[in-house]
Amino acid sequence: MSRYILRAELAPLLVAHFLLLLSPTQLFTSAPALPALLLTAFFFHRIIRAIVRTFKYFFGVRFEVKGLENFKVEGPAIIVSNHQSVLDMMGLMEVLPDNCVQVGKKELMYMGSVGLIMYLGGVIFINRKSTSSAKMVMSDVAKTMVAENVKVWVYPEGTRNCTGDLLPFKKGAFHLAVQAQVPVIPVVYSSFTAFYNPKTKLFTSGKVKVEVLPPIETKGLTSDDVTDLTDRCFSTMRETLFRLSGRPSVTCALAGQKAQPALCSLLPGR
Ligand SMILES: CCCCCCCCCCCCCCC(=O)SCCNC(=O)CCNC(=O)[C@H](O)C(C)(C)COP(=O)(O)OP(=O)(O)OC[C@H]1O[C@@H](n2cnc3c(N)ncnc32)[C@H](O)[C@@H]1OP(=O)(O)O
Ligand SMILES: CCCCCCCC/C=C\CCCCCCCC(=O)OC[C@@H](O)COP(=O)(O)O
């Protein structure tokens, strides 16, 4: 089992933390608690996923998912998706494949219990302010994800963006895919703008369309191909985002070239 996933063996401590009933000593000495703790550790990901998936009923958000079969690639992969708000965590759990960890900014680790859940869940924390340190973490991940058969979920925009469009993609996810020679699987969530106001953080009920797109192979690609790969993925995801959000399609005349937003912002429909 993966080194990342194995962080979940600490999950029983989290249960105690929440329940505030048992001290760590009691936790480990209490014989009746042991099976429950082992079960929690073993099923940690499933438990968290199941809990977060219930949130949609309280928030009135519904998800319509297509293309889940595209996750059925043999072995590891990089999953890239658009990131609009913290509500994405519900969308993440709707489709999250097994043995998949996410890349997150390191500040999230210090969010108390939620940070602890993320740590235990195997989130790979990076320092966005230091490209060199983020690159070092990512190249370590490139080695271990193959050895341990783990999929890695990255938000290539690098920050939340609820404008109905995509921000320029950072290249880390694509370097990672090329270094590990694993496919990139794009996942697109339709725009929340119809039901969510990121400034006031107020939202009404709404439906989110999710599409898992076919894997993009990286076998044989080198670091020289990363910019092209990033642009290709950006164009495909942007077209899908617009289609799912019912926005006029961008047949980006520049898509075959460098289709990053600096250029696409010049197009009609923005
Ligand atoms: C069921 C289980 C429950 C578990 C618990 C629940 C889990 C929920 C967790 C949810 C987590 C959600 C987290 C959301 C976030 O935090 S999003 C923010 C953090 N994520 C990211 O930032 C990822 C995207 N960013 C990147 O990939 C960046 O590229 C980064 C690596 C951070 C570097 O940033 P920056 O310098 O700003 O970007 P550039 O892409 O422009 O890169 C600069 C140049 O460096 C080159 N580069 C980049 N990466 C590499 C690399 N790995 N190797 C070699 N070179 C690299 C890049 O090419 C640029 O150079 P050129 O311009 O091409 O010359
Ligand atoms: C007994 C257990 C009870 C469990 C309850 C479940 C709790 C939920 C668990 C895990 C999911 C929480 C994840 C919250 C992560 C927030 C992600 C997020 O949106 O971060 C912002 C970051 O991307 C970008 O930051 P900026 O836009 O640059 O600023």
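**Group meeting: core, sheet and two ligand shells**

I'll start with the core. The largest nonpolar core has 51 residues, and the members touching the most others are Ile 78, Ile 79, Val 152, Val 154, Leu 176 and Ala 177. Helix α9, residues 226–244, gives the most to this core, with 7 residues. As a general point, nonpolar side chains in soluble globular proteins tend to be buried together. Before going on, please keep in mind that this is a predicted model.

Some totals for the chain. The protein chain has 270 residues, and 33% of them count as buried. Its secondary structure comes to 10 helices and 9 strands. Among contacts with a separation of 6 or more, 73% are between residues 24 or more positions apart.

Now the sheet. It is open, has 7 strands and mixed pairing, and the order reads β1-β9-β6-β2-β5-β3-β4. At the edges are β1, residues 61–66, and β4, residues 124–126, each of which pairs on one side only. From one strand to the next the twist averages 25°.

Let me take β2, residues 78–81. What covers its two faces, in terms of burial? Ile 78 and Val 80 are buried on one side, and Ile 79 and Ser 81 are buried on the other, so to speak a strand covered on both faces. With β5, β2 runs parallel, joined by 3 bridges, and there the bridge partner of Ile 78 is Val 152. With β6, the pairing is also parallel, over 4 bridges, and in that strand Val 80 has Pro 186 as its bridge partner.

Which residues does Ile 78 contact, leaving aside its neighbours within four places in sequence? The list is Val 152, Val 154, Ala 173, Leu 176, Ala 177, Val 182 and Val 184. Val 152, Val 154, Leu 176 and Ala 177 also appear among the core members that touch the most others.

Further along the sheet, β3 and β4 run parallel and are joined by 3 bridges. Val 103 stands opposite Ile 124 in β4.

Two helices pack on these strands. α7 lies across β4 and β5, the latter being residues 151–154, and runs at about 160° to β4. α8 lies across β2, β5 and β6, where β6 is residues 184–189, and runs at about 160° to β2.

That brings me to ligand 1. It is surrounded by 34 residues, the closest being Gly 104, Gly 121, Lys 170, Gly 172 and His 175. Which elements supply at least two residues each to this shell? They are α4 (44–59), β3 (100–105), α6 (112–120), α7 (131–147) and α8 (172–180). The largest share, 5 residues, comes from α7, the helix lying across β4 and β5. By class, the shell has 17 nonpolar, 11 polar and 6 charged residues.

Ligand 2 has 13 residues around it, and the closest are Val 86, Met 89, Ile 117, Thr 159 and Arg 160. Here α4 and α6 each supply at least two residues, and α4 gives the largest share, 3 residues. The shell of ligand 2 divides into 9 nonpolar, 2 polar and 2 charged residues.

To put the two sites side by side: α4 and α6 each supply at least two residues to the shell of ligand 1, and each does so for ligand 2 as well. The largest share comes from α7 for ligand 1 and from α4 for ligand 2. That is what I have for today.

Definitions and conventions
Residues are numbered from 1 along each chain as its sequence is written. Chains are lettered from A and ligands numbered from 1 in the order in which they are written. This is a predicted model: local features need pLDDT of at least 70, side-chain atom pairs count only at pLDDT 80 or more; totals for chains, interfaces and linings use all residues. A residue is near a molecule or strand if its C-beta atom, placed from the backbone, lies within 6 Å of it. Ala, Val, Leu, Ile, Met, Phe, Trp, Tyr, Cys and Pro count as nonpolar, Asp, Glu, Lys and Arg as charged, and the others, Gly among them, as polar. Two strands pair if DSSP finds at least two bridges between them. Axes are lines fitted to C-alpha atoms, for helices over the stretch in contact, and angles run from 0 to 180 degrees between N-to-C directions. Two residues are in contact if their C-beta atoms, placed from the backbone, lie within 7 Å. A residue is buried if 20 or more other C-beta atoms lie within 10 Å of its own, exposed if 12 or fewer, and partly exposed in between; C-beta atoms are placed from the backbone. A nonpolar core is a set of buried Ala, Val, Leu, Ile, Met, Phe, Trp, Tyr and Cys residues joined through C-beta atoms within 7 Å.
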